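Let's take a walk through a protein model, looking at what sits inside, what sits outside and which charged groups pair up. Have the picture open while you read.

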Amino acid sequence: MPHMIQAARAAASQWRTEHPEHQGGVVLVWQAQGYGWKDRLRDAAHERPGVYAVDADDHVFVAEGGDDYKGAKCWVAVPTNN
């Protein structure tokens, strides 16, 4: 899991660099690629399970439960040591 967290943070950082008009909020990451931004963490049903969301303070959340068709059930904070 630590590798996935690092990959999500790196993808979010790169996405933020490429899209400076989006300040704060969360960057959405799928398969180590940033693909979108939201001003805040919103309904997990709009994302598929396994999507990561990285906020401006580098906190990481993962969409869990549900399925690809109906979307995820919830966001879960990913515990980190740093």
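A residue counts as buried when its relative accessible area is under 20%, as exposed when that area is over 50%, and as partly exposed in between. Asp39 has a relative accessible area of 43%, so it is partly exposed. Keep in mind that this is a predicted model.

**Charged pairs**

How many salt bridges does the structure hold? There are three, and here they are:

| Salt bridge | Closest N and O atoms |
|---|---|
| Lys38 and Glu47 | 2.8 Å |
| Asp39 and Arg42 | 2.4 Å |
| Asp68 and Arg48 | 2.9 Å |

Now look at where these partners sit. Lys38 and Glu47 are both buried. Asp39, as we saw, is partly exposed at 43%, and its partner Arg42 is partly exposed too, with a relative accessible area of 34%.

The pair of Asp68 and Arg48 links distant parts of the chain, 20 residues apart. Asp68 belongs to the loop between strand 4 and strand 5 (74–77), while Arg48 belongs to the loop between strand 2 and strand 3. Asp68 counts as exposed because its relative accessibility is 52%, and Arg48 counts as partly exposed because its value is 33%.

The loop between strand 2 and strand 3 also holds Asp43. Its relative accessibility is 44%, so Asp43 is partly exposed. A polar atom of its side chain lies 3.0 Å from the backbone nitrogen of Ala45. Follow the chain from Asp43 to Lys73 and you cover 30 residues, yet in space their C-alpha atoms are 8.4 Å apart.

**Helix 1 and the cores**

Next, find helix 1. It has 17 residues, which at 1.5 Å a residue should span 24 Å, and its end C-alpha atoms are indeed 24 Å apart, so the two values agree.

Which residues of helix 1 are buried? They are Ile5, Ala7, Ala8, Arg9, Ala11, Ala12, Trp15 and Arg16. These buried residues pack against strand 1, strand 2 (33–38), strand 3 and strand 4.

In soluble globular proteins, nonpolar side chains tend to be buried together. Here, the largest nonpolar core has twelve residues, among them Ile5, Trp15, Val29, Tyr52 and Val78. Helix 1, strand 1 (26–30), strand 3 (52–55) and strand 4 (60–64) each supply at least two residues of this core. Helix 1 gives the most, with five residues. There is also a second, separate core of nine residues, which includes Val26, Ala53, Phe61 and Ala72.

Zoom in on Trp15, a member of the largest core. Leaving out residues up to four places away in sequence, Trp15 touches His22, Val27, Gly34, Tyr35, Gly36 and Trp37.

**A buried arginine**

One more residue to click on is Arg16, found in helix 1 (residues 2–18). Is Arg16 buried or exposed? Arg16 is buried, and it has no salt bridge. The nearest side chain of opposite charge is that of Asp55, 6.2 Å away, whereas a salt bridge needs the side-chain nitrogen and the carboxyl oxygen within 4 Å of each other.

What does lie by the side chain of Arg16 is the backbone oxygen of Gly25, 3.1 Å from one of its polar atoms. Beyond its neighbours within four places in sequence, Arg16 is in contact with residues including His22, Gly24, Val26, Trp37, Val54 and Ala56.

Note on methods
Residues numbered from 1 in each chain as written. Predicted model: local features only at pLDDT ≥ 70, side-chain atom pairs only at ≥ 80, totals over all residues. Heavy atoms only, no water. Helix = DSSP H or I, 4+ residues; strand = E, 2+ residues; numbered from the N terminus. Buried < 20%, exposed > 50% of the residue type's maximum accessible area, 1.4 Å probe, protein only. Lys, Arg positive; Asp, Glu negative; His and termini not counted. Polar contact = N/O pair within 3.5 Å; in protein donor to acceptor, adjacent residues only side chain to side chain. Contact = heavy atoms within 4.5 Å. Core = buried A, V, L, I, M, F, W, Y, C linked by side-chain atoms within 4.5 Å. Expected span 1.5 Å × (residues − 1).
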